[in-house]
Amino acid sequence: NKILQKQQDRIHIIKLTVFSNYSPNIECQHCGQKNLNMLSIDHINGGGNKHKNRERIRGGWNLYNWIKKHDFPSGFQVLCMNCQYIKKSENHEDASRERKYTSRRKQGQRWAFKLKMGVLNHYSSNGVPECMSCDNHDIRVLCIHHVNQHGNKHRKEVNGNFYNWLKVNRYPSGYKVLCANCHQIENLSGTRKIQQSSMSTLDIE
């Protein structure tokens, strides 16, 4: 659809503009990854959620617009999704994770890790946690992907207790293990398919 293609082209141009301002070679500042679909903008000092809430920024697309509108301020860098996950994990930048790690006792931390490992083990083909697309074994970047592309909606329905929900429901089908980079690519691909389907429906009607 021409309307959808125009929107995607506009997003692509703005992303390239923002990325090139923070990384002249348009690559992850940590690992050198150049696949545009795996790259993202990272808040260097953390606090990304607070910044987005304060500025009422909803979604990555609006963050790129905000950065461009404010003349590319300092405090941002280009990272691939895997390196962003690792950075957040090591620095406990994620607000929800930070609460968990500061309020729980060590026993609770071990329980959460054991729960995640159990889920990842179950959905990995050989029983060893790894990305089903690229074989990445780094636990810090592995996650569960919703094959039907409705992950955000489902996580809200289970109040964020996603891994526990999978265990309680005896590991239902429709999920697989991906690293953050491959997860990002599949999400983008799925979003485009959903958008195209929606636009086709509108055209027919």
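Visitor: In this predicted model, is glutamate 55 buried, partly exposed or exposed?
Guide: The term partly exposed applies between the limits of 20% and 50% relative accessible area. Glutamate 55 has a relative accessibility of 34%, so the residue counts as partly exposed.

Visitor: Which side chain does glutamate 55 meet in a salt bridge?
Guide: Side chains of opposite charge can pair when their charged atoms come close. For glutamate 55 the N to O distance in the salt bridge is 3.8 Å, and a salt bridge requires a distance within 4 Å. The partner counts as exposed at 57% relative accessibility, and that partner is arginine 54.

Visitor: How many residues apart are arginine 140 and glutamate 90, whose side chains meet in a salt bridge?
Guide: The N to O distance between these two side chains is 2.7 Å. Arginine 140 lies in the loop between α6 (106–123) and β3 (142–146), while glutamate 90 belongs to helix α4 (residues 81–91). The pair therefore links distant parts of the chain, and the separation is 50 residues.

Visitor: Which residue is linked with Glu90 and Arg140 in a network of salt bridges?
Guide: Arginine 140 is partly exposed, with a relative accessible area of 31%, whereas glutamate 90 counts as exposed at 51%. Both belong to a network of salt bridges, and the residue linked with them there is Asp138.

Visitor: Where does the salt-bridge partner of lysine 176 lie?
Guide: The side chain of lysine 176, a residue of strand β4 (residues 175–179), meets glutamate 186 in a salt bridge with an N to O distance of 2.9 Å. Glutamate 186 counts as partly exposed, because its relative accessibility is 23%. The two residues are 10 residues apart, and glutamate 186 is in helix α9 (residues 180–204).

Visitor: What is the count of salt bridges?
Guide: Among the salt bridges are the pair of arginine 54 and glutamate 55 and the pair of lysine 176 and glutamate 186. By the 4 Å rule, the count comes to six salt bridges.

Visitor: Why does cysteine 31 form no bond with cysteine 28, and what is the count of disulfides?
Guide: A disulfide is a covalent bond between the sulfur atoms of two cysteines. The sulfur of cysteine 31 is 3.7 Å from that of cysteine 28, the closest cysteine sulfur, which is too far for a bond because the limit is 2.5 Å. Cysteine 143 is in no disulfide either, since the nearest cysteine sulfur, that of cysteine 179, is 7.5 Å away. The count of disulfides comes to zero.

Visitor: Which residue of β4 is the bridge partner of leucine 142?
Guide: Strands β3 and β4 pair in the antiparallel sense over five bridges. In β4, the bridge partner of leucine 142 is cysteine 179.

Visitor: Which residues of β3 point the other way from Leu142, Ile144 and His146?
Guide: In a regular strand the side chains alternate between the two faces of the sheet. Five of the five residues of β3 are buried, and cysteine 143, at 7% relative accessibility, counts as buried. Those pointing the other way are Cys143 and His145.

Visitor: Is histidine 43 buried or exposed?
Guide: Histidine 43 has its place in strand β1 (residues 39–43). Leaving aside residues up to four places away in sequence, histidine 43 touches Gly48, His51, Lys52, Leu63, Gly75, Phe76, Lys87 and Glu93. Its relative accessibility is 10%, and under 20% a residue is called buried, so histidine 43 counts as buried.

How values were computed. Residues numbered from 1 in each chain as written. Predicted model: local features only at pLDDT ≥ 70, side-chain atom pairs only at ≥ 80, totals over all residues. Heavy atoms only, no water. Buried < 20%, exposed > 50% of the residue type's maximum accessible area, 1.4 Å probe, protein only. Helix = DSSP H or I, 4+ residues; strand = E, 2+ residues; numbered from the N terminus. Contact = heavy atoms within 4.5 Å. Pairing = 2+ DSSP bridges.
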